[in-house]
Amino acid sequence: MYNAYFGFSECPFSLSPNPSFYFRSALHEEALANLCYGIQSRKGFIVLTGEVGTGKTTLLECLRDSLDSQHVAFAFLFNSRLTVDQFFQMIAYDLDLRCDKTSKTEVLFALNSFLLEQASQNRTTALIIDEAHNLEWDVLEEVRLLGNLETRHGKLLQIVLAGQTELDRKLDAPELRQLKQRIVLRSKLEAFSPADTERYIAARFEKAGMPDQTVFSPEILSEIHFRSQGIPRLINSISDNLLLTCFALDCKMATLAMLDEVSRDLRLEWPEGRRALATAHPAF
Ligand SMILES: Nc1ncnc2c1ncn2[C@@H]1O[C@H](COP(=O)(O)OP(=O)(O)O)[C@@H](O)[C@H]1O
Ligand SMILES: [Mg+2]
């Protein structure tokens with residue numbers, strides 16, 4: 001809506017997990033390297049956790065690009081509210097298995113042959129499950145069994161489980177002890193530091209066509225960090241709303257009063273002890 005007003009070529013703060021906007025924070029880079037290494041080394045389960053909005057899905061999208069470029073076959077399940085039958089059906093579609101995709105037995109048989117064929121050609125196959133904290137117990141049990149498939153050279157299927165921190169608690173359940181023991185790599189995404197928040201916002205402005213942004217002053221940037229607690233999704237929502245407010249008021253620089261208004265609209269909550277809302281500001 002405000003793209004033309006600011007001269008952006010695309011929306012800088014969209015909420016989609018678009019890898020072309022990927023910002024290489026040290027934590028994201030380490031997590032991505034772990035995922036790639038874990039898959040390539042064929043050792044079994046890899047777990048990625050992080051609070052809502054810290055960038056898990058974005059990272060998986062980057063992983064998808066990286067696996068595509070290395071011709072690694074993979075199934076990517078982004079909807080984890082699945083029954084066991086739907087779970088196998090999704091895998092069969094993603095890996096393009098030639099079988100009756102509605103029959104678990106047939107899918108398992110075809111999957112096994114496919115994995116052995118891949119292994120015989122020294123090729124890696126991965127299963128990536130986003131929102132894995134939502135998986136039902138019976139589906140998790142199937143995931144565990146798939147993780148058992150192996151030859152003497154290693155695991156046949158590399159499994160990435162990504163989810164919110166409840167996933168860790170779920171994996172602590174006694175029924176999943178065996179799965180937990182097989183987790184070879186764990187990564188956790190955390191919120192950005194203040195410096196990363198600034199760089200992240202600058203990088204998004206730059207990608208959208210404004211390399212040296214002047215819309216957000218250093219004071220606004222530091223307030224955005226504080227009010228978002230460094231969570232990328234919140235940074236995006238706040239920034240997007242701020243730009244919209246600037247546009248609506250025909251103003252090329254955001255003000256604290258605008259940020260207060262946006263914070264109220266988004267019902268943001270942040271720790272006490274810092275500047276209160278600038279409600280005293282009579283106008284923008
Ligand atoms: N490293 C990053 N680089 C670019 N954008 C990011 C990054 N991390 C998070 N984001 C952005 O933050 C928002 C939330 O990210 P998402 O991957 O959906 O989080 P999660 O899956 O952990 O809830 C998205 O708009 C996404 O583009
Ligand atoms: Mg996500």
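Let's start with what surrounds ligand 1 in this predicted model. By class, the shell around the ligand holds seven nonpolar, ten polar and two charged residues. That is 19 residues around ligand 1, and those that come nearest are Gly 55, Lys 56, Thr 57, Thr 58 and Pro 232. Which helices supply at least two residues each to this shell? They are α3, residues 56-69, and α11. Keep α11 in mind, please, as we'll stay with it for a while.

So that you can place things, here is the whole protein chain. You can count twelve helices and seven strands in its secondary structure. The C-alpha trace spans about 70 × 40 × 30 Å along its principal axes. The chain has 284 residues, and 37% of them are buried. Now take the contacts between residues at least 6 apart in sequence: 72% of these join residues at least 24 apart.

Back to α11, then, and its partner α10. Two packed helices are described by the angle between their axes and the distance between the axes. Here we have α10, residues 218-228, and α11, residues 232-248; their axes come within 9 Å and cross at roughly 130 degrees. An angle like that makes α10 and α11 oblique to each other, because it falls in neither the roughly perpendicular range of 65 to 115 degrees nor the roughly antiparallel range over 145. As for handedness, α10 passes α11 in a right-handed crossing. Who makes the contact? From α10 it is Ile 224, Arg 227 and Ser 228, and from α11 it is Leu 234, Ile 235, Ile 238 and Ser 239. Sorted by class, the residues of this contact are four nonpolar, two polar and one charged.

Between α10 and α11 there is a loop, and that is where you'll find Gln 229. Most residues other than glycine have a negative phi. Gln 229 is not a glycine, yet its phi is positive, about 60 degrees. Is Gln 229 buried, exposed or partly exposed? It counts as partly exposed, because it has 17 C-beta neighbours inside 10 Å, and 20 would be needed for buried.

Let's walk further along α11 to Asn 241, which sits in that helix. Asn 241 has 19 C-beta neighbours inside 10 Å and therefore also counts as partly exposed. Leaving out residues up to four places away in sequence, Asn 241 touches Val 262, Asp 265 and Leu 266. Another pair to look at is Asn 241 and Leu 259: they are 18 residues apart in sequence, and their C-alpha atoms are 8.6 Å apart in space.

Just past there is Arg 267, in the segment after α12, which covers 256-265. Arg 267 is another residue other than glycine with a positive phi, near 50 degrees. With 6 C-beta neighbours inside 10 Å, Arg 267 counts as exposed.

My last stop is helix α4, residues 84-94. Which of its residues are buried? They are Phe 87, Phe 88, Met 90, Ile 91 and Ala 92. And what covers them? The cover includes two strands, β2 (73-77) and β3 (125-129), along with two helices, α5 (104-120) and α6 (137-148). After α4 comes Asp 96, and its phi is positive too, near 55 degrees.

So, when you turn the model yourself, try beginning at ligand 1 and finding α11, which supplies at least two residues of the shell. From there, follow the crossing to α10.

Technical notes: Residues numbered from 1 in each chain as written. Chains lettered and ligands numbered in written order. Predicted model: local features only at pLDDT ≥ 70, side-chain atom pairs only at ≥ 80, totals over all residues. Axes fitted to C-alpha atoms, helices over the stretch in contact; angles between N-to-C directions. Helix = DSSP H or I, 4+ residues; strand = E, 2+ residues; numbered from the N terminus. Parallel < 35°, antiparallel > 145°, perpendicular 65-115°, else oblique. Left-handed = near helix turned anticlockwise from the far one by under 90°. Contact = placed C-beta atoms within 7 Å. Nonpolar A, V, L, I, M, F, W, Y, C, P; charged D, E, K, R; others polar. Buried ≥ 20, exposed ≤ 12 C-beta atoms within 10 Å, placed from the backbone. Near = placed C-beta within 6 Å.
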